[in-house]
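Grab a pencil and open the viewer. Below is a set of short exercises, each with a worked solution.

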Amino acid sequence: MKSILLFLVVITLTGCGTAKTIVLEPPKEKVTYSSVAIIPNNPTVQVPDEVTEVFEGELNKSLFDEGPFSSGDGLKLLYTFVQNDEGDRFERWFWGGLGNAGEASVTVMVRYVNDDGDELAKTQVEGRIGSGFFGGSIDSAIKEAARDVATYTIANFK
């Protein structure tokens with residue numbers, strides 16, 4: 001009973017991020033890799049260093065620590081932040097997720113490239129958070145976006 005209560009308190013305090021992936025160009029054929037190189041591109045919007053650190057940290061965890069890939073020269077995963085809105089944490093807390101008040105979101109364009117420089121696939125991933133007892137942290141939206149990138153990568157290139 002204590003663990004259930006603790007779980008509910010943690011969820012209420014942190015809020016829940018969500019993510020969705022839009023496939024812009026699916027892979028034309030199934031190609032598998034054992035290693036992935038994560039390569040950041042210059043963002044098209046202002047992105048704090050912390051956002052990049054959280055995104056890459058979760059991506060490394062999902063692909064390498066808990067995932068099936070090793071880090072190295074294989075598939076090149078090039079990502080670019082194309083949208084970053086930190087929202088308003090107070091509004092998320094105050095309105096409790098009603099409507100889009102204070103909603104925070106991040107959008108990342110991901111290109112998958114082989115050794116020859118050929119683009120194998122392209123996706124766009126959006127992470128969002130709209131509520132939480134203390135307004136929720138954009139970190140959960142960023143982490144969800146990174147996990148979606150990892151899920152797509154594993155499903156299509158492993």
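The exercises go from the whole chain down to single side chains; keep in mind that this is a predicted model.

**Exercise 1. Work out the layout of the chain.**
How many helices and strands does the protein chain have, and what pattern do they follow along the sequence?

*Solution.*
Step 1: Tally the elements; the protein chain has four helices and six strands.
Step 2: Now read them off along the sequence, and you get α-β-β-α-β-β-α-β-β-α.
Step 3: For a feel of what is covered up, look at burial: of the 158 residues in the protein chain, 39% are buried.

**Exercise 2. Take apart a ring pair, then look for its neighbours.**
How are the rings of Y33 and F157 arranged, and which parts of the chain does the pair tie together?

*Solution.*
Step 1: Start with the general idea: two numbers describe a pair of aromatic rings, the distance of the centres and the angle of the planes.
Step 2: For Y33 and F157 the centres are 6.5 Å apart and the planes make an angle of 55°. A pair is edge-to-face over 60 degrees and stacked under 30, with the rest called tilted, and the pair of Y33 and F157 is tilted.
Step 3: Find the two residues in the chain. Y33 sits in the loop between β1 (17–25) and β2 (35–40), while F157 belongs to helix α4 (residues 138–157), so the pair ties together parts that are 124 residues apart in sequence.
Step 4: Check the backbone as well: the C-alpha atoms of F157 and Y33 are 5.9 Å apart in space.
Step 5: Ask about cover. Y33 and F157 are both buried, and for F157 the relative accessible area is 1%.
Step 6: Widen the view, and you'll find Y33, Y112, Y152 and F157 linked into a cluster by ring pairs. The structure holds six aromatic pairs.

**Exercise 3. Classify another ring pair.**
Is the pair of Y79 and F81 stacked or edge-to-face?

*Solution.*
Step 1: Get the two numbers for Y79 and F81: ring centres 5.7 Å apart, planes at 90°.
Step 2: That angle goes with the label edge-to-face, because planes over 60 degrees apart count that way.
Step 3: Look at burial too. Y79 has a relative accessible area of 1% and F81 one of 3%, so both count as buried.

**Exercise 4. Follow the salt bridges.**
Which parts of the chain are linked by K20 and E126, by R147 and E58, and by K76 and D115?

*Solution.*
Step 1: Recall that side chains of opposite charge can pair when their charged atoms come close. The count here is eight salt bridges, and we'll go through some of them.
Step 2: Take K20 and E126, whose closest N and O atoms are 3.8 Å apart. This pair joins strand β1, home of K20, to strand β6 (residues 119–129), home of E126, across 106 residues. K20 is partly exposed at 47% relative accessible area, whereas E126 is buried at 13%. There's also a network of salt bridges that links K20, E126 and R128.
Step 3: Move to R147 and E58, with 2.8 Å from N to O. Here helix α4, with R147, is linked to helix α2, with E58, and the two residues are 89 residues apart. R147 is partly exposed at 31%, but E58 is buried at 7%.
Step 4: Finish with K76 and D115, where the closest N and O atoms are 3.1 Å apart. K76 is in strand β4 and D115 in the loop between β5 (104–113) and β6, so parts 39 residues apart in sequence are tied together. K76 counts as partly exposed at 21%, and D115 as exposed at 56%.

**Exercise 5. Map the negative patch.**
Which residues form the negative surface patch, and which helix gives the largest share?

*Solution.*
Step 1: List the members: D49, E50, E53, D85, E86 and D139.
Step 2: Sort them by element, and helix α2 (residues 49–65) comes out with the largest share, three residues.
Step 3: Zoom in on E86, which is in the loop between β4 (75–85) and α3 (89–95). Its relative accessibility is 45%, so E86 counts as partly exposed.

**Exercise 6. Find a long-range neighbour.**
Where is P26, and what distance separates its C-alpha atom from that of K122?

*Solution.*
Step 1: Locate P26 in the loop between β1 and β2.
Step 2: Read the separation: P26 and K122 are 96 residues apart along the chain, with 6.6 Å between their C-alpha atoms.
Step 3: Add the cover: P26 is partly exposed, with a relative accessible area of 49%.

Key
Residues numbered from 1 in each chain as written. Predicted model: local features only at pLDDT ≥ 70, side-chain atom pairs only at ≥ 80, totals over all residues. Heavy atoms only, no water. Patch = residues over 30% accessible without salt bridge, like charges linked within 9 Å, V, L, I, M, F, W, Y side chains within 5 Å. Areas by Shrake-Rupley, 256 points an atom, 1.4 Å probe, with all protein chains shown as cover. Salt bridge = Lys/Arg side-chain N within 4 Å of Asp/Glu carboxyl O. Lys, Arg positive; Asp, Glu negative; His and termini not counted. Charge placed at Lys NZ, Arg CZ, Asp CG, Glu CD. Buried < 20%, exposed > 50% of the residue type's maximum accessible area, 1.4 Å probe, protein only.
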